[in-house]
Amino acid sequence: MKKTQRMLLALILALSAGTAGAADNIAVNSGFEESPGMNRAEGWQGDNPAGYGTFAGIARTGIAAYKAWAQPALWQEFPARAGDTWKASAWFLHPAESEEDQPLSGGAFARIRLEFKNADHETLHAEHSETLNEQDATNEWKELEVKGRVPLGAVYARVVLNIVYAGGQGVVYVDDVEIDGPRR
Ligand SMILES: [Ca+2]
């Protein structure tokens, strides 16, 4: 009886946690667990066809995360309405120096960015989060968040995992993206 109660409680907790965390999250493959691979991030678009992937290994949750070493922008885009507010967040990490990885250096930084675009996909307005950069401790997940209001004329909201190399370099891992559905 006790065991059944414990299992039931665990189930209820799991269900309510799932609902609370996922109810408003419209990100596809938000934890990068789906069909991981080199130059692949299921449900996401990349500006660069290479220089990234989704791999098992370093991950905040699950077994996989997004890893970028030469990918300025990995993104998802949604229809948007003027006046709505969008919020997006993700967890970023840059690794300690190893044979395979190197931390951010030379002014390179990562951030999450919201772009509001018109019907021709021209960006009318953009907002971005604070950054992960070489000042941040390595091997520690840092949550970055961005918020923005859709301007008149915009019909798309693009959420971008943005890495600005600016002559620098480094590896960035991202996991657990949350895109809060539009709110009035
Ligand atoms: Ca994950």
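# Notebook: loops, strand 7 and the core

I started with asparagine 139, which sits in the loop between strand 9 (132–133) and strand 10 (142–149). The model is predicted, so I kept the confidence values at hand.

**Asparagine 139.** I looked up the backbone angle. Asparagine 139 is not a glycine, yet its phi is positive, about 60°. Is asparagine 139 buried or exposed? I found 12 other C-beta atoms within 10 Å, so asparagine 139 is exposed.

**Histidine 121.** I then went to the loop between strand 7 (109–117) and strand 8 (123–128), where histidine 121 lies. Histidine 121 also is not a glycine, and I read a positive phi of about 65°. The loop belongs to the hairpin of strand 7 and strand 8, with five residues between the strands. I checked the surroundings too. Histidine 121 counts as exposed because it has 11 C-beta neighbours inside 10 Å.

**Confidence.** I read an average pLDDT of 91 for the chain, with 87% of the residues scoring at least 70. Residues 12–22 fall below 50, and this stretch has zero contacts in the model beyond near neighbours in sequence. Where pLDDT is low, predicted coordinates should not be read in detail. I left residues 12–22, with their pLDDT below 50, out of my notes on local geometry.

**Overall layout.** I counted one helix and twelve strands in the chain. The helix comes before the strands in the pattern along the sequence. Of the 184 residues, 34% are buried. I also looked at contacts with a separation of 6 or more: 71% of them join residues 24 or more positions apart.

**Strand 7.** How many of the residues of strand 7 are buried? I found nine of nine. Phe109, Arg111, Arg113, Glu115 and Lys117 point one way. Ala110, Ile112, Leu114 and Phe116 point the other way. I noted that the buried set includes Arg111, Arg113, Glu115 and Lys117.

Next I listed the partners of strand 7. Strand 11 runs antiparallel to strand 7 and is joined to it by nine bridges. Strand 8 is also antiparallel to strand 7, with five bridges. Strand 9 pairs with strand 7 in the antiparallel sense over two bridges. Leucine 114 stands opposite valine 159 in strand 11, and its bridge partner in strand 8 is glutamate 127. Alanine 110 has leucine 132 of strand 9 as its bridge partner.

**Open sheet.** I traced an open sheet of six strands in the order 1-3-4-12-6-10, with antiparallel pairing. Which strands stand at the edges? They are strand 1 (37–38) and strand 10; each has a single partner strand, so one side of each lacks a neighbour in the sheet. Strand 1 meets strand 3 (residues 52–56) over two antiparallel bridges. There I found methionine 38 opposite glycine 53.

**Core.** The largest nonpolar core has 41 residues. Tyr66, Ala90, Phe92, Val172 and Val174 have the most contacts inside it. I checked which strands supply at least two residues each: strand 4 (64–68), strand 6 (85–93), strand 7, strand 10, strand 11 (156–164) and strand 12 (172–183). Strand 6 gives the most, with six residues. In soluble globular proteins, nonpolar side chains tend to be buried together.

I closed with valine 172. Beyond its neighbours within four places in sequence, valine 172 is in contact with Ala68, Phe92, His94, Leu104, Ala110, Leu132 and Ile163. Two of these contacts, Ala110 and Leu132, are the bridge partners I had noted between strand 7 and strand 9.

How values were computed
Residues are numbered from 1 along each chain as its sequence is written. This is a predicted model: local features need pLDDT of at least 70, side-chain atom pairs count only at pLDDT 80 or more; totals for chains, interfaces and linings use all residues. Helices (H or I, at least four residues) and strands (E, at least two) are DSSP runs, numbered from the N terminus. A residue is buried if 20 or more other C-beta atoms lie within 10 Å of its own, exposed if 12 or fewer, and partly exposed in between; C-beta atoms are placed from the backbone. Two residues are in contact if their C-beta atoms, placed from the backbone, lie within 7 Å. pLDDT is the predictor's confidence in each residue, from 0 to 100. A nonpolar core is a set of buried Ala, Val, Leu, Ile, Met, Phe, Trp, Tyr and Cys residues joined through C-beta atoms within 7 Å. Two strands pair if DSSP finds at least two bridges between them.
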